Amino acid sequence: MVDLDGRPAGRVTEDPFGRYGAVSRVRDGLRAYRMIAAMWIRSTMAYRASFAMTTFGNFAATSFDFVAILLMFSQVDELGGYALPEIALLYGTSAVAFGLADLTIGSMDRLGRRVRDGTLDTLLVRPVPVLAQVAADKFALRRLGRVTQGLFILGYALATLDVTWTPVKVLMIPLMVASGGLIFCAVFVGGAAFQFVAQDASEVQNAFTYGGVTLVQYPPSIFAKDLLRGVTFVLPLAFVNWLPGLYVLGRAYPLDLPTWVAFAPPLVAVACCALAGVAWRAGLRTYRSTGS
Amino acid sequence: MGTGRLYAAVAAGGFRRYATYRVATAAGVFTNTVFGFILAYTYIALWHEKPHLGGYDQAQALTYVWVGQAMFAVMVLGSAGFEEELIERIRTGDIAVDLYRPADLQLWWLAADMGRALFQLLGRGVVPMACGALFFDLALPDGPLPWLACLVAVALGALVSFAIRYIVALWAFWLLDGAGAMQITWLTGVFFSGMLLPLNVFPGALGDLARLLPWSALLQAPADVLLGEADPIGTFAFQLGWAVVLLAVGRLIQSAATRKVVVQGG
């Protein structure tokens with residue numbers, strides 16, 4: 001048996017340390033991810049009209065959150081003390097960040113079903129990291145629809161915002177999107193790890209992923225203090241866009257946090273990913289096949 | 001078995017089928033509650049900015065949020081219900097078997113869907129509503145009468161919801177792939193049911209139009225009956241009217257579709 005590159009399979013178990021260390025494991029994982037994702041893209045592109053329609057559908061469906069905000073602003077001039085362009089900045093950055101995470105590993109929420117119907121077993125025997133296989137499984141390019149609508153709103157925000165741009169503030173935008181994307185990736189992986197335990201609880205994961213992105217699309221000023229503490233110190237979604245975003249807008253942070261927290265998102269993102277990785281390994285270790 | 005008992009058994013089957021997934025139901029309750037909290041805070045901000053927006057006071061607006069979360073699964077406003085399965089049966093040709101059964105296709109699926117709706121009302125409606133009442137100041141009626149009227153409106157809304165989705169599913173006889181039609185229905189349903197925002201907050205003519213369309217029977221109507229904002233009898237007549245029209249349209253499409261079926265043999 002040979003693996004996808006034509007080399008003998010089984011190296012993972014034969015040589016877990018030595019030359020086959022953590023770095024090459026990550027490299028192998030990424031390569032496997034790329035190949036599986038490319039396969040799904042090819043299969044999607046076999047039906048181009050269908051791809052165009054579902055991408056547009058994804059674009060329209062995910063735009064609804066902003067449509068709700070627009071409907072609100074048809075009645076009021078500000079919400080929680082924030083004007084529409086300011087909310088658009090919070091919305092756009094978090095929507096693009098979440099959209100990128102959803103595009104790359106949004107399929108993770110199918111893990112519970114795989115555990116239930118036993119198809120996870122097939123992935124376990126392949127000489128490719130399970131995380132890469134689960135993440136790339138059914139890679140859905142149509143999710144570019146969400147990224148696109150987020151970029152539109154972000155573009156609108158940047159065009160209409162009344163902000164004195166400094167180099168730091170300009171740099172903050174890509175930084176928010178990248179770190180926010182990683183934080184959401186960690187939430188996806190952590191949620192999937194939880195599904196090893198609770199197999200048909202994928203909706204709980206939705207509460208944190210889709211619920212999380214809906215939450216941070218609104219300004220923090222409208223939420224209760226306890227909720228703000230929760231999304232700052234427990235599940236650090238506040239670092240996706242609120243804290244760096246409020247720095248860009250020149251507004252006071254919630255909970256009287258110090259100024260430097262606006263620059264913490266990359267560190268928070270790395271910490272979240274590390275924790276999610278630990279949770280994933282723990283989850284995978286508890287896995288018992290259903291045998292079906 | 002009498003026909004009434006047959007459809008009662010199908011409805012019971014629909015109820016039991018969803019009752020089996022207890023963890024999934026609990027997970028759904030959790031998600032509806034989380035979204036209820038997020039929405040409730042945005043509504044508080046909105047009604048703080050403009051009190052009595054759309055004729056609701058803040059307590060009524062918050063009640064609307066939680067009625068919405070309770071109706072989410074009952075009216076199938078978020079995901080797919082029976083229509084996904086029906087479309088699959090049409091696509092694979094299994095529908096031919098269904099047509100030879102001594103039961104009416106539309107009534108069969110209606111019974112199953114009503115069983116499902118009843119389970120979702122108990123399983124995914126009651127707890128988020130109670131949770132909302134616990135944490136927020138809601139405008140809930142004192143006497144049993146508005147609650148009963150609301151239940152009638154929910155039942156009629158579920159009927160309209162079924163009738164819409166049945167029509168959509170039958171398009172699969174011509175389109176073979178129902179994904180696009182389902183997605184469009186889902187989008188219109190979320191928008192025009194009042195799931196995004198109460199329809200009375202929609203600006204001008206858009207709001208008037210939305211209130212006339214059948215989707216307002218799914219969420220806006222039961223909510224307004226509970227809140228005492230709508231005359232129950234008039235609301236029931238509106239919902240029943242749409243239910244009768246849409247069920248009749250479904251029946252017409254069904255007879256056109258079944259004439260089209262060619263059984264390919266075994």
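Begin with the polar contacts that join the two chains: 4 residue pairs, both members at pLDDT 80 or more, are in polar contact between chain A and chain B. A polar contact is a pair of N or O atoms within 3.5 Å; within protein, one must be able to donate a hydrogen and the other to accept it, and residues adjacent in sequence count only if both atoms are side-chain atoms. This is a predicted model, in which local features need pLDDT of at least 70 and side-chain atom pairs count only at pLDDT 80 or more, while totals for chains, interfaces and linings use all residues. Residues are numbered from 1 along each chain as its sequence is written, chains are lettered from A and ligands numbered from 1 in the order in which they are written, and side-chain values use heavy atoms, with hydrogens and water left out.

Next, select B:Arg124 and A:Glu203. They form a salt bridge, with the closest N and O atoms 3.1 Å apart; the term denotes a side-chain nitrogen of Lys or Arg within 4 Å of a carboxyl oxygen of Asp or Glu. The count of salt bridges between chain A and chain B is 1.

Now display the whole interface. Chain A contributes 33 residues to the contact and chain B 30 residues, contact meaning heavy atoms within 4.5 Å. About 2,700 Å² is buried between the chains, 76% of it from carbon and sulfur atoms; buried area is the accessible area (1.4 Å probe) that two parts lose on being put together, summed over both. Within chain A, highlight A:Phe64, A:Leu71 and A:Gln75, which lose the most area to chain B, together 24% of what that side buries.

Turn then to helix 3 of chain B, residues 58-74 (helices are DSSP runs of H or I, at least four residues, numbered from the N terminus). Its 17 residues reach 25 Å from first C-alpha to last, close to the 24 Å expected at 1.5 Å a residue, where the expected span is 1.5 Å times one less than the number of residues. Because 15 of the 17 residues are buried (under 20% relative accessible area, 1.4 Å probe, protein chains only), this helix is largely enclosed by the rest of the structure. At its N-terminal end, B:Asp57 acts as a cap, a side-chain oxygen lying 3.2 Å from the backbone nitrogen of B:Ala59. After the helix comes B:Val76, with a positive phi near 55°.

Finally, select A:Asp256, in the loop between helix 12 (242-249) and helix 13 (265-286) of chain A. Although not a glycine, A:Asp256 has a positive phi of about 50°.

Note on methods:
Helix = DSSP H or I, 4+ residues; strand = E, 2+ residues; numbered from the N terminus. Buried < 20%, exposed > 50% of the residue type's maximum accessible area, 1.4 Å probe, protein only.
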